[in-house]
Amino acid sequence: MIPAAFEYHRPRDIGGALAILTEHGEDARVLAGGHSLIPMMKLRMAEVPHLIDLADIAALRGITVEGGRVTIGAMTTQHELIASAALHDAVPLLREAALQIADPQVRYMGTIGGNVANGDPGNDMPGVMQCLDATYTLECPEGTREVRARGFYEAAYMTGRDDAEILTRISLKATRGGYAYEKQKRKIGDYATAACAVLIEAENGRVSSAAVSMTNLSDVPVFSDAAANALLGTACDRDAVKAAVAAALAEIDPTEDNRGPVKFKMHVAGIIIARAIERAWSRA
Ligand SMILES: Cc1cc2nc3c(=O)[nH]c(=O)nc-3n(C[C@H](O)[C@H](O)[C@H](O)COP(=O)(O)OP(=O)(O)OC[C@H]3O[C@@H](n4cnc5c(N)ncnc54)[C@H](O)[C@@H]3O)c2cc1C
């Protein structure tokens, strides 16, 4: 399908993008990789009279790893995440997750900022960012604020970002210990039927810290404190994994769709969560 007519803007800096966004209010949207927004416009599920392409804003690109802190510009593509050796050393979970998003063509265009700002429950990076306890930087003409990924997602396509704000970067701590991103999908390139990100640190053969979050199993990504707590202090044995899976399943609310009925999704989720915990533990 052909989208409704729109005016195309291509500012050179963030100030220029924010000025256009402020001028046109609800009639304007920023364009990143376009691999969620353009299909929505073509299907006429989104009408955007003013499209503000962020492609020329160099300040929104790049990955820095310094002093144990990682900063990723919003316009960094999934492919760039995968290709960064420094990022792989600092946060290997990100590369593992990015490799499971769509296919190489989509990953060459799709950005990390678009993935986390979109608010689609099927996007993989929001849950990963919650697991990593990442912080998003949002800018508007009045200034800058930071919000934690764990508090950002409100409902499907509804986030804590105001219409006048642009997400400029994501920051997080380099990780230690074991990690895993497990994703069940119907075929290559598909969104998750169920996916789970896990980080585990171990001391003296016991879990000393853990984080567990899930993708596409509710209308928002779900970070489960209860699942992490079920693992803490244990040797991550079968009983501990079982308890963590039960705690995680109690916090999700999948809906029936073309990926299956609720009962099937709960079953798949249980297997995926257990696998993610076991693999993270094996690397801890
Ligand atoms: C065939 C196919 C398969 C896919 N499979 C997966 C998958 O398995 N997993 C997955 O996670 N995704 C998948 N996607 C989606 C893909 O990863 C998108 O690239 C991603 O959802 C959005 O990123 P984008 O850069 O393309 O953003 P865009 O499509 O340009 O924008 C998406 C939304 O975010 C807003 N936005 C973008 N950047 C910013 C910013 N910096 N500040 C504020 N708002 C912003 C836009 O206004 C828009 O509302 C798939 C897409 C396709 C076409």
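Which residue in S10 is the bridge partner of Glu139? Hold on to that one for a few minutes, everyone, and good morning. One caution before the tour: what we are looking at is a predicted model.

Let me start with the overall layout. The protein is divided into domain 1, covering 7-53, domain 2, covering 61-173, and domain 3, covering 192-283. Take the centres of domain 1 and domain 2 over their C-alpha atoms, and you find 19 Å between them. On the domain 1 side, 13 residues take part in the contact, and on the domain 2 side there are 17. Helix H1, residues 14-24, provides the largest share of the domain 1 side, namely five residues. If you sort that side of domain 1 by class, you get six nonpolar residues, six polar ones and one charged.

Now the sheets. Three strands make up an open sheet with parallel pairing, and their order is S1-S3-S2. At its edges are S1, which is 7-9, and S2, and each of these pairs on one side only. From one strand to the next, the twist averages 25°. If you want a closer look at one pairing here, S2 and S3, the latter being residues 50-53, run parallel and are joined by four bridges. Within that pairing, Val30 has Ile52 in S3 as its bridge partner.

The next sheet is also open, but it has five strands, in the order S4-S5-S10-S6-S7, and the pairing is antiparallel. Why do S4 and S7 each have a side without a neighbour in the sheet? Strand S4, at 63-66, and strand S7, at 143-148, stand at the edges and have a single partner strand each, so one side of each stays free of a neighbour in the sheet. On average, and ignoring direction, neighbouring strands of this sheet are turned by 20° against each other.

Let's walk across some of the pairings. S5, residues 69-73, is joined to S10 by five bridges, and the two run antiparallel. The bridge partner of Thr71 in S10 is Ser171. S10 also pairs with S6 in the antiparallel sense, again through five bridges. And here is what I promised you at the start: the partner of Glu139 in S10 is Ile166. Moving on from S6 to S7, we find six bridges between two antiparallel strands. A hairpin of two residues makes the connection from S6 to S7, and Leu138 stands opposite Arg145 in S7.

Remember helix H1 from the domain contact? H1 lies across S6, which is 135-140, and S10, and runs at about 130° to S10.

Next, the ligand, which I suspect is what many of you came for. How many residues surround the ligand? There are 28, and the closest are Ala32, Gly33, His35, Gly110 and Gly114. Strand S2 (28-31), helix H2 (37-42), helix H7 (112-118) and strand S10 (166-173) each contribute at least two residues to the shell. H7 gives the most, with five residues. By class, the shell holds 14 nonpolar residues, twelve polar ones and two charged ones. In terms of domains, at least three shell residues come from each of domain 1 and domain 2.

Before I finish, a few backbone details for those of you who like to check torsions. As background, most residues other than glycine have a negative phi. Asp133 has a positive phi, near 55°, and is not a glycine. You will find Asp133 in the loop between helix H8, at 125-131, and S6. Is Asp133 buried, exposed or partly exposed? Asp133 counts as partly exposed, because 16 C-beta neighbours lie inside 10 Å.

Asn204 is another residue with a positive phi, about 50°, without being a glycine. Asn204 sits in the loop between strand S12 (192-203) and strand S13 (206-215). This residue is exposed, because its count of other C-beta atoms within 10 Å is 6.

My last stop is Phe264, in helix H11, residues 262-283. Phe264 counts as partly exposed, because there are 14 C-beta neighbours inside 10 Å. Phe264 and Thr193 are 71 residues apart along the chain, and their C-alpha atoms are separated by 9.5 Å.

That's the tour. Thanks for listening!

Technical notes. Residues are numbered from 1 along each chain as its sequence is written. This is a predicted model: local features need pLDDT of at least 70, side-chain atom pairs count only at pLDDT 80 or more; totals for chains, interfaces and linings use all residues. A residue is near a molecule or strand if its C-beta atom, placed from the backbone, lies within 6 Å of it. Ala, Val, Leu, Ile, Met, Phe, Trp, Tyr, Cys and Pro count as nonpolar, Asp, Glu, Lys and Arg as charged, and the others, Gly among them, as polar. Domain bounds come from an automatic or database domain assignment. Two strands pair if DSSP finds at least two bridges between them. Axes are lines fitted to C-alpha atoms, for helices over the stretch in contact, and angles run from 0 to 180 degrees between N-to-C directions. Two residues are in contact if their C-beta atoms, placed from the backbone, lie within 7 Å. A residue is buried if 20 or more other C-beta atoms lie within 10 Å of its own, exposed if 12 or fewer, and partly exposed in between; C-beta atoms are placed from the backbone.
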